[in-house]
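Please look over the sequence and the model below before reading on. The report after it moves from the whole chain to single residues.

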Amino acid sequence: MDSQLKKGMLEVYVLKVLTKGESYGYKIISDLSPNIEISESTLYPILKRLQSSGCLTVDSREHNGRLRKYYRITELGFERINEFLKDWEQIDKIYKFIAEVNDESI
């Protein structure tokens with residue numbers, strides 16, 4: 001899969017997980033894991049980008065004597081999901097066209 005397309009999809013996937021409520025890194029990874037394998041070294045740069053773009057907020061709190069960062073989706077994050085879904089309609093049309101052309105050449 002194209003790395004830029006995958007990057008964008010992962011960002012939206014992380015945002016979607018956060019629509020269920022605030023969460024922290026390890027929990028986000030476990031929520032994503034049924035559908036995709038993702039490591040901490042992949043997740044944390046995504047969370048940083050989403051925070052920088054205003055799609056989520058971060059709150060640090062103590063948990064078992066250590067600080068844990070909790071991530072929460074913002075209104076801009078919800079908008080990003082909706083934009084992705086609109087874009088996906090176009091991607092789906094392109095995919096169907098390409099698949100149809102590919103079937104004809106077989």
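The sections that follow describe the overall fold, the surface, the strand pair and a few chosen residues.

## About the model

This is a predicted model, in which local features need pLDDT of at least 70 and side-chain atom pairs count only at pLDDT 80 or more, while totals for chains, interfaces and linings use all residues. Residues are numbered from 1 along each chain as its sequence is written, and side-chain values use heavy atoms, with hydrogens and water left out.

## Overall fold and dimensions

The protein has four helices and two strands, where helices (H or I, at least four residues) and strands (E, at least two) are DSSP runs numbered from the N terminus. Read along the sequence, these elements follow the pattern α-α-α-β-β-α.

The protein has a radius of gyration of 17 Å, whereas a compact globule of 106 residues would have one near 13 Å; the radius is taken over C-alpha atoms, and the globule rule is 2.2 Å times the number of residues to the power 0.38. Along the principal axes, the C-alpha trace spans about 60 × 25 × 20 Å. Among contacts (heavy atoms within 4.5 Å) between residues at least 6 apart in sequence, 48% join residues at least 24 apart.

## Surface and charge

Of the 106 residues in the protein, 24% are buried, a word that means under 20% relative accessible area, with exposed meaning over 50% and partly exposed in between (1.4 Å probe, protein chains only). The accessible surface of the protein comes to about 7700 Å², and 52% of this surface belongs to carbon and sulfur atoms; such areas come from the Shrake-Rupley method with a 1.4 Å probe, and for residues only the protein chains shown count as cover.

The protein carries 16 positive and 17 negative charges, and the mean positions of these two sets are 8 Å apart. Here Lys and Arg count as positive and Asp and Glu as negative, without His and the chain ends, and each charge is placed at NZ of Lys, CZ of Arg, CG of Asp or CD of Glu.

## The two strands and their turn

Strand 1 (residues 56–63) and strand 2 (residues 66–73) pair in the antiparallel sense over eight bridges, pairing being assigned if DSSP finds at least two bridges between two strands. Within this pair, leucine 56 stands opposite isoleucine 73, and arginine 61 stands opposite arginine 68. Arginine 68, which lies in strand 2, also touches Tyr24, Asp59, Ser60 and His63, among others, when residues up to four places away in sequence are not counted.

The two strands form a hairpin with two residues between them. Asparagine 64 lies in the loop between strand 1 and strand 2, and this residue has a positive phi of about 50° although it is not a glycine. Is asparagine 64 buried or exposed? Asparagine 64 counts as exposed because its relative accessible area is 71%.

## Two residues in helices

Glycine 8 is found in helix 1 (residues 3–18), and it counts as partly exposed because its relative accessibility is 22%. Although glycine 8 and isoleucine 46 are 38 residues apart in sequence, their C-alpha atoms are 9.4 Å apart in space.

Leucine 76 has its place in helix 4 (residues 75–105) and is likewise partly exposed, with a relative accessible area of 38%. Leaving aside residues up to four places away in sequence, leucine 76 touches Ser53, Gly54 and Cys55. Leucine 76 and leucine 50 are 26 residues apart in sequence, and from C-alpha to C-alpha they are 9.8 Å apart in space.
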